[in-house]
Every structure is written in structure tokens, then in C-alpha cells.
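I opened this notebook to keep track of what I looked up, entry by entry, for someone who has not met the structure before.

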Amino acid sequence: MTSAVYDRYPRYEELTEWLDEFAEQFPDLVRKTSIGQSYEGRDIWLLTVTNHQIGDPAEKPALWIDGNIHASEVTASVAIVHLVDTLTAGYGSDERITRALDTRTFYLVPRVNPDGAELSLAELPSFVRGSVHPWPYTEQQAGLVPADIDKDGRILQMRVEDPNGAWKPYAHDPRLMVARDLDEDGDGPYYRILAEGTIHDYDGVRIPTAPYRAGIDPNRQFPFQWERKVEGPWDAGEYPGSEPEVGALLKAITDRKNICTYFAYHTFSGVHIRAYSDRADEALPADDLWTFQALGDIATELTGYPAISGYHDFRYHPKSVIKGVGTDWAYDHLGVYAWTTEFWNALQAAGLDDSHPLEWYRTHPIDEELQLLAWVDDNVPGGYVDWYEYDHPQLGRVELGGWHSELVFRNPPAHLLEAEVEPHTALALRLALSSPQLRHRDTIVDRLGDDTWRIRVVVENAGWMTTSVTQRAIDAAYVRPMIGRITLPDGASLATGSPRLDLGQLAGRALKQNAVRAFGGASDGTPDRTVAEWVVRGSAGTTCSIEIVHDRAGVVRTEVELA
Ligand SMILES: [Zn+2]
């Protein structure tokens with residue numbers, strides 16, 4: 001038993017201890033390495049989880065999951081710990097887990113952004129989205145900077161009485177603030193709502209929102225449609241991968257040619273988002289779109305989260321799309337099925353089943369807010385804080401309170417954490433087993449003459465996905481064809497042809513979703529199967545070594561006797 005638990009969000013030191021325990025207690029299953037250091041010099045841990053006693057991890061089809069690239073999205077780390085915990089506990093007793101670890105590899109990076117997570121989980125938290133790297137300016141710019149000014153461990157809101165404020169207390173529950181009517185100009189009181197914090201370079205009149213000092217969104221740092229300026233207050237940094245955390249990810253991922261499926265774990269919204277974020281589904285090859293949709297159906301069935309397109313269904317603003325995103329890069333450049341899982345949706349938890357995970361925050365009926373508040377009162381202690389007076393050093397008397405957004409919206413409350421992440425472990429296991437898998441089917445040796453032999457090695461793709469994983473991988477020239485090689489001992493030679501054969505790709509079963517045939521002549525064929533064939537000269541009893549290698553689908557090695 002390791003000391004991993006699901007009743008809290010571990011800080012870096014505790015998380016590292018848990019990962020060490022997995023590696024120490026399950027040395028045949030878990031190896032822990034560092035893929036690089038964060039801006040502040042913390043190691044970014046990678047767990048390679050597979051049966052290390054059977055085969056090279058790099059020669060098994062792999063599932064990659066990274067999490068917590070955004071500072072406060074710490075559910076992601078816990079979800080990955082839960083997966084490791086389940087895999088190690090179930091090996092040898094659970095058939096599916098045992099098969100997955102014998103035949104597949106899991107590459108897991110629980111905390112891409114340890115610096116940001118440390119700040120987010122500190123006793124006196126501060127808000128950062130990415131790492132702590134000051135960018136694009138080293139000095140703090142003028143304006144309101146969110147901070148825990150009363151040192152109570154939370155960054156709430158400040159309401160300041162103001163005759164020109166946009167908000168007023170809601171008559172039926174004065175804790176809630178609601179919009180002033182469009183023609184309303186009474187005695188109020190009306191309020192301005194500001195983030196809890198202090199005003200840098202305050203001129204005594206204006207309170208602009210300061211740009212974030214650490215202004216990089218690391219999930220806009222990937223080399224796909226990268227642009228320096230991205231939506232909202234964020235910036236994409238100096239160049240793609242210039243942040244050490246993203247650079248380390250890019251290197252670690254591209255070093256592992258066996259990755260077939262990519263997940264980036266984030267919070268929040270309760271959705272699985274697939275490529276693309278910046279273009280319509282028509283841009284995808286049809287086979288890839290259909291496979292994405294089939295995978296999405298499984299994801300929704302197992303987790304309850306809708307599987308959606310970033311472009312069509314998940315926009316922060318109707319007129320903008322997001323660029324430089326990890327999953328878009330993984331699909332477009334590597335040609336792997338790539339998903340962003342956004343854990344947790346407080347609105348769903350509160351029973352607001354039809355709410356859009358982004359649009360709701362812009363506008364919603366007050367009844368729905370009351371429903372959310374009632375759920376928060378029952379389930380998230382301190383999730384909504386009634387307003388209390390505070391003597392602000394710059395603004396005088398203000399009140400602190402309102403939504404404790406980190407507690408309510410950004411991650412599930414601790415008592416719901418395990419239930420939230422558990423279904424995603426099942427999904428990761430299923431998708432790991434959906435990858436292509438090269439398998440030896442048959443060896444046929446025919447004697448053509450005294451010392452002339454035809455060797456035919458039949459291999460098949462036993463997996464669900466095609467060996468290339470996607471059509472995109474072929475179009476992008478990222479995935480190589482399967483290669484067959486024969487090695488002959490002294491005294492034997494090839495009668496014709498090359499020892500190295502280009503064997504192309506093998507189909508899987510992903511596109512076989514029902515057996516209805518409207519045209520009688522349709523048949524499956526054998527696109528999942530191929531033959532590596534050599535004609536060899538050698539005396540009877542000679543043994544030849546054959547290796548059939550695919551970067552993604554694995555390796556078949558066999559010895560063939562001329563007999
Ligand atoms: Zn995120």
C-alpha cells in the first residue's frame with residue numbers, strides 16, 4: 001500500500017513521495033524519471049507504467065497522459081495518481097489491467113507545472129495560470145492585483161459601495177449580487193465587485209485590472225498555429241516550447257514514437273475536448289473524425305462527460321478560437337487521437353444539467369444561481385462566503401466575500417474528488433487497449449529447390465486502431481511504414497530482393513461499427529493482415545531471424561528454420 005489518498009490535493013513534496021512509493025513498491029511495473037526541470041528548478045516527473053519484465057516499454061503501443069499544466073488544475077494530478085494506483089493494485093488479478101500492462105505502456109506526467117501548483121496550493125495562495133515566470137514584463141504593471149489581503153487562505157471578491165456600481169444584493173438572498181436593472185437609478189445601495197487584492201501604482205481614482213505578472217498560458221505554447229498574442233489576458237510566450245515545462249513535454253513526447261493516444265488533463269467543465277480548436281470538423285480526414293466520434297462515445301459512456309470539438313462546442317468567445325493548444329498539436333503533428341479532459345463541472349453537480357459549461361458564466365437565470373448556491377451551501381463548506389467588512393489600505397471600508405471560485409468551480413470539493421476521477425481511470429485503460437498491436441499469425445516455409453526456400457511470415461494488427469493510428473499521421477508523414485528485416489547466418493543468402501521490406505500499414509477494427517450491408521457484395525477483406533516474404537538460399541536446418549517493426553504497433557520477432 002502506498003500512502004496515496006484522495007481526500008486532498010497533494011503539494012509537490014507529497015506528490016513526489018507518492019510517486020516514489022509506487023516506483024519502490026512496484027519496481028516491475030513503475031519507473032519514475034524526470035523529463036526536465038520547471039522554471040524554478042523542480043523536476044517534472046514521468047512515470048512509465050508497464051510490465052517491465054515483458055518487452056521494452058518503447059516497443060509497446062502507448063497512452064500518454066499529462067496533467068496540471070495550468071497551475072490550479074490540481075484534480076489532474078490526482079486523477080493520474082488514481083490511474084497508477086488502480087493499475088498497480090489490479091495487476092495480476094484484473095484481466096484487463098494485466099493485459100494492458102503486459103502489452104501496452106502508460107506514460108504519465110502528473111504535474112507538468114509544479115511551480116504554479118505550489119503557489120495555488122500554498123497556505124496563502126496566489127493566482128497564476130501558468131508557471132511563475134514573469135512575462136512579458138519583469139515588473140508588476142499598474143492595476144488591481146489579486147491577493148489574499150486578509151491572509152485567511154482564500155482569494156475572494158471585494159464589494160465596494162458605489163452609486164455607479166453595476167450590482168445590488170438580490171432581494172431573496174442578499175448574499176448574492178445581481179445586476180442592476182437597465183433603467184434603475186434609485187438609492188441602491190449599488191456595488192462595484194473587484195477581485196480581492198491591492199492596487200499597484202494606484203492613482204486614487206482608477207482601478208484598472210493589472211495584467212498578470214506571470215502572463216504566459218503554457219497551453220498556448222505548443223507549435224501548432226502558434227501566435228504570440230492569444231485570447232484574454234494571456235500571452236503565448238517567446239516562441240513555441242520556450243517555457244521549460246512545455247519544452248520538456250515536447251521533447252518527451254516526440255522521443256516516444258510509440259504513443260498512440262494523448263490526453264491532457266485539465267479542469268474545469270466536465271467535457272472531453274478533441275481536435276481541432278481552430279477549425280471545423282470538415283478539416284479532419286473522415287476516418288479520423290469517425291474514429292474520434294467512436295472514441296468519444298466510449299468516453300461519454302464511461303465518464304458521463306460529453307465528447308466535443310473545441311472549434312464547434314468550446315469557445316471562450318464566439319468570435320475567437322484558441323491556438324497553440326497541446327491536443328491540437330498532438331493530433332495535427334503526431335497524428336494521434338488527442339483529448340483535453342476538463343474535469344469537474346460544479347453546474348452539473350448542482351443539477352443544472354442543460355447549462356453550457358462556458359456560456360453559463362456570461363449569462364443565466366437567477367433561479368439557476370440560487371440552485372447552485374443551495375448546492376454549494378450543502379456540499380462545499382466556505383464555497384460561498386457571506387460579505388464581511390474589511391478595512392482596505394487603499395479603498396477604505398470594503399466587504400470581502402462572494403464565490404470562492406477555487407473551491408467551487410476550479411476543482412471538486414475533496415469529498416467528491418475520488419468519485420470524479422475514478423471513471424477516467426477506466427477510460428484510460430480502455431483506450432490504452434484500443435491501440436494497434438502487431439501480432440505474429442503464422443510462418444510458412446516452402447522448399448522451392450534443393451537449397452532454395454520461400455519464407456512467409458504472416459503478421460496481423462490485433463488492435464482496434466489502424467497501425468498508423470490516424471490518417472493524419474500518414475498525411476503529415478509522421479508515422480513510418482512497418483518494416484520487415486531478415487538476418488541470415490553465415491552460409492545463407494537471399495536469392496532475390498532486399499533483406500528489408502516496406503510492409504505499409506495494417507487496418508484495425510475502428511471503422512467496423514455495425515454489420516448491416518446494404519450492398520450484398522461488401523466484405524471485410526484482410527486489410528489487417530500482411531505477409532513478409534523472402535526467398536533464401538541455405539542448407540536445411542539453417543535458422544533465420546526475422547523482425548517486423550512498427551513504431552506504434554509494436555514489434556514481432558521470430559526465428560525461422562529452413563525445414
Ligand atoms: Zn487548463
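**Entry 1, the annotated position.** I am working with a predicted model, and I began with Glu-342, whose relative accessible area of 6% puts it among the buried residues, since buried means under 20%. I looked up this residue because UniProt, in an unreviewed entry, places the feature "active site" there. In the model, Glu-342 belongs to strand β14, which covers residues 337-343. I then asked which residues Glu-342 is in contact with, once neighbours within four places in sequence are left aside. The list I found consists of His-266, Thr-267, Phe-268, Ser-269, Gly-270, Val-271, Ile-273, Tyr-305 and Phe-314.

**Entry 2, the zinc ion.** His-266, which I had just noted as a contact of Glu-342, turned up again as a donor to the zinc ion through its ND1 atom. The other donors are ND1 of His-70 and two OE atoms of Glu-73, and the distances run from 2.0 to 2.4 Å. I checked the angles that the four donor atoms subtend, and because they range from 57 to 148° the arrangement counts as irregular. For comparison I wrote down that the ideal angle for four tetrahedral donors is 109.5 degrees. Along the sequence, the donor residues of the zinc ion follow the spacing H-x2-E-x192-H. The two histidines link distant parts of the chain, for His-70 sits in the loop between β3 (62-67) and α2 (75-90) while His-266 sits in strand β11 (residues 259-267), 196 residues apart. I found both His-70 and His-266 to be buried.

**Entry 3, salt bridges.** Searching the whole structure, I obtained 38 salt bridges, and I followed up a few of them. Glu-95 pairs with Arg-99, with 2.7 Å between the closest N and O atoms, and both residues lie in helix α3 (residues 95-103), four residues apart, or about one turn of the helix. Arg-99 has a relative accessibility of 38% and therefore counts as partly exposed.

Next I turned to the salt bridge between Asp-217 and Arg-129, which has an N to O distance of 2.9 Å. Asp-217 is in the loop between β10 (197-200) and α5 (244-254), and Arg-129 is in the loop between α4 (114-121) and β5 (143-146), so this pair ties together parts 88 residues apart in sequence. Both Asp-217 and Arg-129 are buried.

Glu-184 and Lys-168 form another salt bridge, at 2.7 Å from N to O. Because Glu-184 lies in the loop between β8 (173-179) and β9 (191-195) and Lys-168 in strand β7 (residues 167-170), the pair ties together parts 16 residues apart in sequence. I also noted one network, in which salt bridges with shared partners join Glu-59, Arg-485, Glu-547 and Arg-557.

**Entry 4, two helices.** How is α4 placed relative to the rest of the structure? Six of its eight residues are buried, so α4 is largely enclosed; the buried ones are Pro-114, Asp-115, Gly-116, Ala-117, Glu-118 and Ser-120. Among the elements that cover them I found α1 (12-25), β2 (43-49), α5 and α12 (405-410).

Finally I looked at helix α13 (residues 414-432), whose 19 residues reach 28 Å from the first C-alpha to the last, close to the 27 Å expected at 1.5 Å a residue. The buried residues of α13 include Leu-417, Glu-420, Val-421, His-424 and Thr-425, and further along the helix Leu-427, Ala-428, Leu-429, Leu-431 and Ala-432 are buried as well.

Definitions and conventions. Residues numbered from 1 in each chain as written. Predicted model: local features only at pLDDT ≥ 70, side-chain atom pairs only at ≥ 80, totals over all residues. Heavy atoms only, no water. UniProt positions renumbered as here; feature names shortened; annotations may be inferred. Buried < 20%, exposed > 50% of the residue type's maximum accessible area, 1.4 Å probe, protein only. Contact = heavy atoms within 4.5 Å. Donors = N, O, S within 2.8 Å, 3.2 Å for Na, K, Ca; no water. Tetrahedral: all angles 85-135°; square planar, octahedral: opposite > 155°, others 65-115°. Salt bridge = Lys/Arg side-chain N within 4 Å of Asp/Glu carboxyl O. Expected span 1.5 Å × (residues − 1).
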